[in-house]
Every structure is written in C-alpha cells, then in structure tokens.
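Visitor: Could you take me through one part of this fold close up? I'd like to look at the sheet and whatever packs around it.

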Amino acid sequence: MNVPEHVIHADQLWSELLERRDAFERVDESADSNFYVVDRMVQHLDQTALDTIERLIDDAILEKHPRILDLMASFDSHLAESIHPDEVVGLGLNLHELEANPRLTSRVVHDLNQTTQLPYKDNHFDVVLNTVSIQYLVHPVEVFREVNRVLKPGGLHLVIFSNRMFTPKAVRIWGLLSEEERLHLVSHYFQEAGAYTDTADFVSIGLPRPADDKHAYLGVPSDPIYAVMAEKVRGGNHTMIRPVPQPPTYAKRDLPDVEKRKLTTAETLECPYCGERLRYWAITENPMTTYDRDFYICINDSCPYLVRGWGVMHKQGNTGHSYRLTFDPKTGHHFPTPIPSLGVIKGELKEDV
C-alpha cells in the first residue's frame, strides 16, 4: 500500500485511500480482547506530555458539570482536579485498568472494533474523549458517527494522540503517514462522519523532556501532543463555538530585554534568550549549512529560542525540525541554524579559541 505524496492536499484522495481494503488491516488481526487482557498500568508518554494533555482537556471543557465519555479508556482519564463532572463513563477493554481509574463513575468493557455501536442514548454526553488510542480503530468513521449520536448538540469530540503506538495493533494507514498527515487523516474522519463542525487542530511539540525522565539521556524533546476536535452541529451552525485551546508556551529562562542582550553578545558570548554560554563552532562540512567560516552557537536544549522553533518549523511544513541561535562574531549578526534533531552539530563543537 503506497500513500501518494500529495495525499494530504485532496479530500477525494483521502476518501479513496480510506476505501482501500488494506487501509485498516493490522499486523496482529487477533481479537483485541486477547491482546489487552494483560494489565498495562504504565504511562507511555513523558510527564511534560501528560501535563500538556491534562491542560488541553481542561481548557477544552467549558461545561461546569459535564457528562464525559472516555473512549478506549484505561487507568487515567487525564482530567484535571478543576473539572467537576456529573458523570465520567469509561469504555475500554481491560476491566482491571478501568477499575484503577479513580475519575470514572461507571465502567463498561466494550470492543469498538467488534461493535461500533455505543451503549448509550442519543444526546447524552457533553464531551467524548479519545486519548492516544485513535490509531487502533478499524472502523473510525462509524465510531465517529456513533460519538456524534451520543453527544449533545454543541458537545465536544476531542481526539488526542502522540507518536507512540502498539505497532501490531495500529491500522496500516496510520503507520504509513507522517505525524502531520495524521492530523489530516483524523480531520477527514470527522468530515466523513458528518454532522460535526469544522475541525480545529492542536499541536504541542519540542517542549523539554523532564530531567528525571528515563529517556532524558537520549537528548530528545518531550513527546509531541496532537489533537483534532470538533463539536456536534447545533442547527445549521458548522462553526465550532468554544475557543480552541492553545499549546503551552515555554518561557523558562527566557530572559528579558533580549534585543538589548544581543548588543553585548560579542563581549559576553552568552545566548541572549537563555543566558547559557555559546559554544565555538568551527564549521568544516555540514549538510545543514552552506557557511564557510566559524560561529558561536547555543546548545542548550531548553533554550526558549530552540523550544519555540519546533512549533515554528512545524507551521512552515518542516515537521521534526527546529533551530539553534547562532552568532557570527565577524558581522555581529544572530541567526537560526536549522536542526533535524538535538544531536546534530554538537559533535562538531570545539573549545573556545
């Protein structure tokens, strides 16, 4: 199954792609109830990413006492303490995991890949959540239609995902698409299901990974968080009324008077954004640049300039890239040097001369 390079640009191509027989095949086609019979009481994302999910849900829910359906639920519904729901129903495949979830008011063991129909009445819920599980649905459009049925008019359907998955159980199309294309795919699920408002996206990438995280030694940023959301249409209104949550900004050590600090970089050799000392970069052969002289560069992986760069580059179509603040001592100019990962350039640095 080959995905056309221009697939994200045409709804017709998306529709044709979803109609392919192998689009929703999986490596492991055994019963999901067998796969999920083993308790998995572990978080698959780092704490920064989990905090981002909690804030996203908190910002998206406007109802004071909402009725919430947590689809494909487990032991954590990621609901902040500030949310005071009248009801939180957990629908999942592992009863022990559901019983370990303290926010649930009721629990239902139900396999959506076997039965897409939801066991709830029409217009019942204010919010339906699907957190880091959308990649496992083999009948996503049918499930989205069912979610629409059980939502109240104006109710929110919020789909959250990252780049983690149980590969044997993820549908083929999900594994073939890039993270950016997956946003378009989920948006198309909404469109095909019908009776939803236009979708809105949420993207949080590049935040620093916690220092005590087990993967911190790899030098990679926090796990990315993506979301697609829409409301059940109310009347003829196809515009989502609730404000779209904004991704968190990272301002830690983002020093004041950046422009003034740039004027003294030649004397201090400090990054005007984070205050860390710049490292001497003697460029030899680097495919990311065309420069032929030496510079100074900030290699602080928590520098706000770098952290914000992941999102800026993503919006420009350069997903998976950011940039580091670079200083030219000959001209006094500051400029960005693009990087595809945090490890690039570090191996080329030398001691100050």
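Guide: Let's start with a ground rule: two strands count as paired if DSSP finds at least two bridges between them. On that basis, this predicted model has an open sheet of seven strands, in the order E3-E2-E1-E4-E5-E7-E6, with mixed pairing. Strand E3 (106–109) and E6 stand at the edges with a single partner strand each, so one side of each has no neighbour in the sheet. On average, neighbouring strands here are turned by 15° against each other, if you ignore direction.

Now zoom in on E4 and E5. These two pair in the parallel sense, over six bridges. If you want a spot to put your cursor, try Thr131, which stands opposite Ile160 in E5.

Next, bring helix H3 into view. H3 lies across E4, E5, E6 and E7, and runs at about 170° to E5. Its 14 residues (47–60) should span 20 Å at 1.5 Å a residue, and the end C-alpha atoms are indeed 20 Å apart, so the two values agree. At the N-terminal end, Asp46 acts as a cap: one of its side-chain oxygens lies 2.9 Å from the backbone nitrogen of Thr48. Thr48 is also among the buried residues of H3, along with Ala49, Leu50, Thr52, Ile53, Leu56, Ile57 and Ala60. What covers them? The cover includes strand E4 (125–131), E5, strand E6 (200–204) and strand E7 (225–231).

Stay with E5 a little longer and go to Phe161, in that strand (residues 151–161). Its ring pairs with the ring of Trp174: the centres are 5.0 Å apart and the planes sit at 80°, so this is an edge-to-face pair. Trp174 belongs to helix H6 (residues 172–176), and the two residues are 13 apart, so the pair links distant parts of the chain. Phe161 has 1% relative accessibility and therefore counts as buried, the cut-off being under 20%. Trp174, also at 1%, counts as buried too.

That is one of 16 aromatic pairs in the model. Another is Phe144 with Phe190, where the ring centres are 4.8 Å apart and the planes at 70°, so it is edge-to-face as well. Phe144 lies in helix H5 (residues 140–150) and Phe190 in helix H7 (residues 179–193), so this pair ties together parts that are 46 residues apart in sequence. Both of these Phe residues are buried. They also belong to one aromatic cluster, made up of Phe24, Phe144, Tyr189, Phe190 and Tyr196.

One more stop, back towards the edge strand E3. Asn101 sits in the loop between helix H4 (95–99) and E3. It is buried, with a relative accessible area of 0%. The side chain of Asn101 reaches the backbone oxygen of Ser74 at 3.1 Å. Setting aside neighbours within four places in sequence, Asn101 touches Asp70, Ser74, Phe75, Asp76, Ser77 and Arg107.

Notes:
Residues are numbered from 1 along each chain as its sequence is written. Side-chain values use heavy atoms; hydrogens and water are left out. Rings of Phe, Tyr and Trp (its six-membered ring) pair if their centres lie within 6.5 Å; planes under 30 degrees apart count as stacked, over 60 as edge-to-face and the rest as tilted. Helices (H or I, at least four residues) and strands (E, at least two) are DSSP runs, numbered from the N terminus. Buried means under 20% relative accessible area, exposed over 50%, partly exposed in between (1.4 Å probe, protein chains only). The expected span of a helix is 1.5 Å times one less than its number of residues. Contact means heavy atoms within 4.5 Å. A polar contact is a pair of N or O atoms within 3.5 Å; within protein, one must be able to donate a hydrogen and the other to accept it, and residues adjacent in sequence count only if both atoms are side-chain atoms. Axes are lines fitted to C-alpha atoms, for helices over the stretch in contact, and angles run from 0 to 180 degrees between N-to-C directions.
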